Amino acid sequence: MRALLIIQLQSFKDMTKVIDTGVFIPVGNHGWIHSINSPAVEDGSFQRVLEVTKGAEGLGFDFVLSPSIWRGRKGPSEHWMRSLESLTTTAALLQATDRISVFGTVHMTIYPPAVVAKIMTTLDQIGPGRVGLNLVTGSSYLDLSHVGLWRDGLDHNERYDLADEWIQVVKRLWTEDIVSHKGRFYELTEATMGPKPSHLPPLANAGASERGFKFAVQNCDIAFLSGSDDPKYKADAIRAKQTARSMGKADLKVYGLVTLIAGETDKDAKDRKDHFDEGVDIECLDDIALGYNLNPNIKDVSPTSLRLAAGREKRSAVAPGAFVGSYASLAKRIAQVVIDYELDGIILIVPDYVNDLEAVAKKTLVRMSEYGVSCRLGGA
Ligand SMILES: Cc1cc2nc3c(=O)[nH]c(=O)nc-3n(C[C@H](O)[C@H](O)[C@H](O)COP(=O)(O)O)c2cc1C
C-alpha cells in the first residue's frame, strides 16, 4: 500500500511542470505602480535594488531582470524620475550575489554591438555564467527622444532589421577570433575581441509584435509576453509557442510578465489595489500614452503597447491584466495560466519588492505545486 502511494506521489511529481521564476526589479522609483499611493520604499535607488536582489536570491528565484529606463514621467508621483542605468546595475548585482542570474537590458538602436559584446564578456567575468541580456528596440518616442537617443529614419520593422544584424555581430564577436562584417548598419574590419565569454549569455526579447516575436524566435533563448488570465492575452501566448515550433525553435522559452497585487484575503488584495487606484497618477498615464502617440510613425507601435497605454487611460494605477487576490487564490490562477499558456517561466512585478516578494514566494508560488506547477523557490 505504502509503495503504491509512493509511486503515485512520484508520478504526480513527474507530471508537475517546473518553471523558471524571475523578478522585474524596480530600477526606477515606484516600480510599475502609477500612483501617489504606491509604496515609497521603491525609491529607485541602488541600495534598494541590491536589497531586493539579495532577497530574491535568498528566496530561490532564478533570475532578476533590470530594465533600461531613460525617462521619468510627468505627474505628481514623479514616476521613474529617479532610475538606474541597467548594465552598470547588472555589474554591481552580479558582484554582490553568488547564485542568481542577472539580466541587463540594452536598446540595440543606441549601442554599437561591439560595445555591448565587450561589456557582456566583462560581466561574465564578474558573475561567470550568470549574466543574461534583454534586447529591446524601443517603441516609446518620448522615452528616447528627450535625451537624443531616438533613432530617426527607421520604422518599426527596420528597427528589428537593425536588431537582426546587431545580434549577429555580437554573437560572432563572442565566438570567432577575427570578425569582418559589412552590413546595412555596421562595419567591422578584422575585429578581435577576447577573452570569449565562459558561457554564451542567454538572450531575451519582449517583442509584442509579429516582427518582434520573429526576432526573438530567430535570435534569442527567451521571449517575454504579458501573462494574465484575462482571455485577451491568451491568443498571444498560444501564437508564440506555435510560431516558435513552426520556425523550428521548439526550445524557445516563453516567460509571462505577471503583476501581482496580493493579500491574505481577496478583499485585502482588492483594498490594496483600490488604494493604489485612488492615488492613480493620471498625468503620468497620459504622459506614457503620449510617448507612444508621438512616435512619428504611429502605425509602428504594436497593438500591445497601445493596449497598455489605452488600458492605463482607464485610470487604474496597475497594469491591465494584473492578478489581484489572496495568496492562496493566486497560486491556482497563476498555475492555470502557466499550464494553459504553455509558459516556461514567469517574471514578477509586485508593489513592495521586499515584503510582497517574500510573501508571494512563500504563500503563492510554492503552493502552485498543488495545481501541477513547481519552481525552485525554497520549500517547493
Ligand atoms: C519583460 C519585459 C521587459 C521589457 N523591458 C523593456 C525595457 O527595459 N526597455 C524598453 O524600452 N522596453 C522594454 N519592454 C518593451 C518591449 O521591448 C517591446 O518594445 C514592447 O513589448 C513592444 O513590442 P514590439 O517592439 O514588438 O512592438 C519590455 C517588455 C517586457 C514584457
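A polar contact is taken here as a pair of N or O atoms within 3.5 Å. In this predicted model, the side chain of Asn134 supplies one such pair, an N or O atom in that side chain being 3.5 Å from a nitrogen atom of the ligand. Oxygen atoms of the ligand also take part in pairs of this kind. The side chain of Tyr160 places a polar atom 2.6 Å from an oxygen atom of the ligand, and Ala208 contributes through its backbone, where an N or O atom lies 2.9 Å from an oxygen atom of the ligand. The surroundings of the ligand comprise 20 residues, of which Ser68, His156, Tyr160, Ala206 and Ser209 come nearest.

Two of these nearest residues, His156 and Tyr160, lead from the ligand to a helix pair, since both appear among the α6 residues that meet α7. Two packed helices are described by the angle between their axes and the distance between the axes. For helix α6 (residues 156–175) and helix α7 (residues 210–219), the angle is about 10° and the axes are 10 Å apart. The two helices are therefore roughly parallel, as angles under 35 degrees are classed in this way. Their crossing is right-handed. On the α6 side, the contact is formed by His156, Asn157, Tyr160, Asp161, Ala163, Asp164, Ile167, Gln168 and Lys171, which meet Arg211, Gly212, Phe215, Gln218 and Asn219 of α7. By class, the residues of this contact are four nonpolar, six polar and four charged.

A second helix pair is found later in the chain. Helix α12 (residues 327–340) packs against helix α13 (residues 355–365) at an angle of about 70°, and their axes are 8 Å apart. Because angles of 65 to 115 degrees count as roughly perpendicular, α12 is so described relative to α13. The crossing of α12 past α13 is right-handed. Here Tyr327, Ala328, Leu330, Ala331 and Ile334 of α12 meet Ala359, Val360, Lys363, Thr364 and Leu365 of α13. The contact of α12 with α13 has eight nonpolar residues, one polar residue and one charged residue.

Two features of the backbone remain to be described, and each is located in a loop. Trp80, a residue other than glycine, has a positive phi near 60°; Trp80 is placed in the loop between β3 (63–65) and α3 (86–96). The peptide bond that joins Gly194 and Pro195 is cis, with omega about -5°. Pro195 belongs to the loop between β7 (187–191) and β8 (203–205).

Note on methods: Residues numbered from 1 in each chain as written. Predicted model: local features only at pLDDT ≥ 70, side-chain atom pairs only at ≥ 80, totals over all residues. Heavy atoms only, no water. Axes fitted to C-alpha atoms, helices over the stretch in contact; angles between N-to-C directions. Helix = DSSP H or I, 4+ residues; strand = E, 2+ residues; numbered from the N terminus. Parallel < 35°, antiparallel > 145°, perpendicular 65-115°, else oblique. Left-handed = near helix turned anticlockwise from the far one by under 90°. Contact = heavy atoms within 4.5 Å. Nonpolar A, V, L, I, M, F, W, Y, C, P; charged D, E, K, R; others polar. Near = heavy atom within 4 Å. Polar contact = N/O pair within 3.5 Å; in protein donor to acceptor, adjacent residues only side chain to side chain.
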